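Q: I am new to reading protein structures, and I would like to look closely at one part of this one. Please start from any cysteine link and then walk me through the surroundings, step by step.

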Amino acid sequence: QIALNTVSANGGGIEPQWDVVQFLGNGTTPISWREGSARIIIIFSDERGQTLSGNTESSMCNSLIHGETLAVFESPSFFEDFNECANLYSLSGNASDMLYDLNTIIRNPCE
């Protein structure tokens, strides 16, 4: 909660969410997942789904081949950019609401 309260999103520019998820899924960005662990990827964004490398939402989703759970905190007006494979949560200014959602994801990653 303390960390979330310090986050500021005042800028702009490209946030290549589709790319980072695909790179995590296909191993381009090396992450040391513990054997048998729940692979949870959480994105916080306030923009449409974006790419710098020409990816699509479908290619992002198709890269999640190891049982990853993708959770996206986003403005509901952009949910359609992630609805093929993500669990969607409303981005909120209320830290308690977001903490509740995060606890839900971490406790029950298969939901």
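A: Happy to! Keep in mind that this is a predicted model. Counting cysteine sulfur atoms within 2.5 Å of each other as a disulfide, we arrive at one disulfide. Its partners are C61 and C85, with sulfur atoms 2.1 Å apart. A disulfide is a covalent bond between the sulfur atoms of two cysteines. The link between C61 and C85 is left-handed, with -75° about the S-S bond. It ties together distant parts of the chain: C61 belongs to helix 3 (residues 57-62), whereas C85 lies in the loop between strand 2 (69-74) and strand 3 (86-90), and the two are 24 residues apart.

Now compare the surroundings of the two cysteines. C61 has a relative accessible area of 13%, so it is buried, as the cut-off for that word is under 20%. C85 comes out at 26%, so it counts as partly exposed.

Let's follow C61 inward. C61 is one of the twelve residues of the largest nonpolar core, whose other members are W18, V21, L24, I41, I43, M60, L64, L70, V72, F82 and A86. Helix 2 (17-26), strand 1, helix 3 and strand 2 each give two or more residues to this core. The largest share is that of helix 2, with three residues. In soluble globular proteins, nonpolar side chains tend to be buried together. A second, separate core has six residues, among them A71, F73, M98 and I105.

Helix 2 deserves a longer stop. Seven of its ten residues are buried, so this helix is largely enclosed by the rest of the structure. Those seven are Q17, W18, D19, V21, Q22, L24 and G25. They pack against strand 1, helix 3 and strand 2. You can check this picture at both ends of the list. Q17, which sits in helix 2, is buried because its relative accessible area is 5%. Leaving out residues up to four places away in sequence, Q17 touches I43, S45, E47, R48, G49, Q50, M60, E74 and F82. With the same neighbours left out, L24 touches T29, I31, W33 and I41. Just after helix 2, G27 takes a positive phi of about 90°.

Next, look at the strand side of the core. V72, a residue of strand 2, has 0% relative accessibility and therefore counts as buried. V72 touches I43, F82, A86, N87, L88 and Y89, again without counting residues up to four places away in sequence. The C-alpha atoms of V72 and I41 are separated by 8.3 Å, although these residues are 31 places apart along the chain. Strand 1 (residues 40-44) is also where F44 is found. F44 is partly exposed because its relative accessible area is 39%. Together with I42 and L91, F44 makes a nonpolar surface patch of about 220 Å².

Let's return to the loop between strand 2 and strand 3, the one that holds C85. E80 lies in this loop too. With a relative accessible area of 37%, E80 is partly exposed. E80 is in contact with R48 and E57, once neighbours within four places in sequence are set aside. From C-alpha to C-alpha, E80 and R48 are 8.8 Å apart in space, and they are 32 residues apart in sequence. R48 may look familiar, as it is also among the residues that Q17 touches.

Finally, step back to the whole chain. It has four helices and three strands, in the order α-α-β-α-β-β-α along the sequence. Of its 111 residues, 35% are buried. The chain exposes about 6600 Å², with carbon and sulfur atoms supplying 52% of that area. Among contacts with a separation of 6 or more, 71% are between residues 24 or more positions apart. The disulfide you started from joins residues 24 places apart, and one of its two cysteines, C61, is part of the largest nonpolar core.

Technical notes: Residues are numbered from 1 along each chain as its sequence is written. This is a predicted model: local features need pLDDT of at least 70, side-chain atom pairs count only at pLDDT 80 or more; totals for chains, interfaces and linings use all residues. Side-chain values use heavy atoms; hydrogens and water are left out. Buried means under 20% relative accessible area, exposed over 50%, partly exposed in between (1.4 Å probe, protein chains only). Patches are made of residues with over 30% relative accessible area and no salt bridge: like charges are joined within 9 Å, nonpolar side chains (Val, Leu, Ile, Met, Phe, Trp, Tyr) within 5 Å. Accessible areas come from the Shrake-Rupley method with a 1.4 Å probe; for residues, only the protein chains shown count as cover. A salt bridge is a side-chain nitrogen of Lys or Arg within 4 Å of a carboxyl oxygen of Asp or Glu. A nonpolar core is a set of buried Ala, Val, Leu, Ile, Met, Phe, Trp, Tyr and Cys residues joined through side-chain atoms within 4.5 Å. Contact means heavy atoms within 4.5 Å.
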